[in-house]
Amino acid sequence: MKKAISLFLLSALTVNLYAQNLKQYSGEMKGGTITFTYYEDEHTLSEKRHGTFKYVKNLANDISKYSLTITGHYSHGYMDGQWSYTINETDYPEGNAYVTSTTKAQMSFKDGVPNGPWTYSYKGKGRLQHFSLLGWSWGPYETLPTETASVTFRNGTLVGPMSIKTNAENITGTLNEKGFWIGNWISLNGNSRSEYTLTNDGLMTKGIGRYNGRIVSSAGLEPELKALFDEYKTLPTSEQQEKFCRKHHIKIDTTRCTYPTLFDRDFGFIYD
């Protein structure tokens, strides 16, 4: 009991010391205002972000408005807990069109590593501006393709169900605890459709490519490849597995990544 009380008091004292030494910074960054709390690490002689974080960027003129808001939390220099970002645009120029849209993302981190559910959504509409003898006028709005994404990270590895829909492609499938594709996957891109069937270990047993519904390519599991994969799984260390792959000129990989490219829009610099 005394030991538990001592540990509690030590933990409370540590938290209190960090709270007392926290400083706040607020300044300009990439056209916006960044605000966060930090402390000076006595061991590394560097600043470590700790506590709340916020970045706000607002742009406006006679026609357009743009706002970006990012909120999150740092723990001893690492992104931690829930992070969110929202982009709102009103008649914002993108190419030849003026776009009104909302982009939202929710992300989860643990000690700087993606961990937990991540979601993304984009919804917008665009219109053109025309010039005539009577002056400038607006054309009708046209709905833009909706984009959504829903994935889950566990210690930096993509796991579980994945669903990503952009204006270019639509991907659905499931990953196992090691980040390997498993089960049935479907990838749609215009008139093209790819279908994959994989084992619980991530080994593809069937792949079909279709265009306008007709099969244009196919692949199956070759017995030689299955034999190599079965042998690979029996190797106890990563060093042995790497040596095995080099010997047989094969690559065993997963979809592990720090974060999907879809989430790195207008806020990637926050990771610096």
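This passage describes the overall make-up, the helix packing and the nonpolar cores of a predicted model.

The protein chain holds three helices and 19 strands. Of its 272 residues, 32% are buried. Among the contacts in the chain with a separation of 6 or more, 33% join residues 24 or more positions apart.

A good place to look in detail is the pair formed by helix α2, residues 223-234, and helix α3, residues 238-248. Their axes come within 9 Å and cross at roughly 155°. Angles over 145 degrees count as roughly antiparallel, and α2 and α3 are therefore roughly antiparallel to each other. The crossing of the two helices is right-handed. On the α2 side, the residues that meet α3 are L228, E231 and Y232; their partners in α3 are Q241, F244, C245 and H248. Sorted by class, this contact comprises four nonpolar residues, two polar residues and one charged residue.

Turning to the interior, it helps to recall that nonpolar side chains tend to be buried together in soluble globular proteins. In this model, the largest nonpolar core has 30 residues. Within that core, F53, W83 and Y85 touch the most other members, and these three residues make a handy starting point for viewing it. A second core, separate from the largest one, has seven residues, including L228, F229, Y232 and L235. Two of these names will be familiar from the helix pair: L228 and Y232 in α2 also meet α3.

Note on methods: Residues numbered from 1 in each chain as written. Predicted model: local features only at pLDDT ≥ 70, side-chain atom pairs only at ≥ 80, totals over all residues. Heavy atoms only, no water. Axes fitted to C-alpha atoms, helices over the stretch in contact; angles between N-to-C directions. Helix = DSSP H or I, 4+ residues; strand = E, 2+ residues; numbered from the N terminus. Parallel < 35°, antiparallel > 145°, perpendicular 65-115°, else oblique. Left-handed = near helix turned anticlockwise from the far one by under 90°. Contact = heavy atoms within 4.5 Å. Nonpolar A, V, L, I, M, F, W, Y, C, P; charged D, E, K, R; others polar. Core = buried A, V, L, I, M, F, W, Y, C linked by side-chain atoms within 4.5 Å. Buried < 20%, exposed > 50% of the residue type's maximum accessible area, 1.4 Å probe, protein only.
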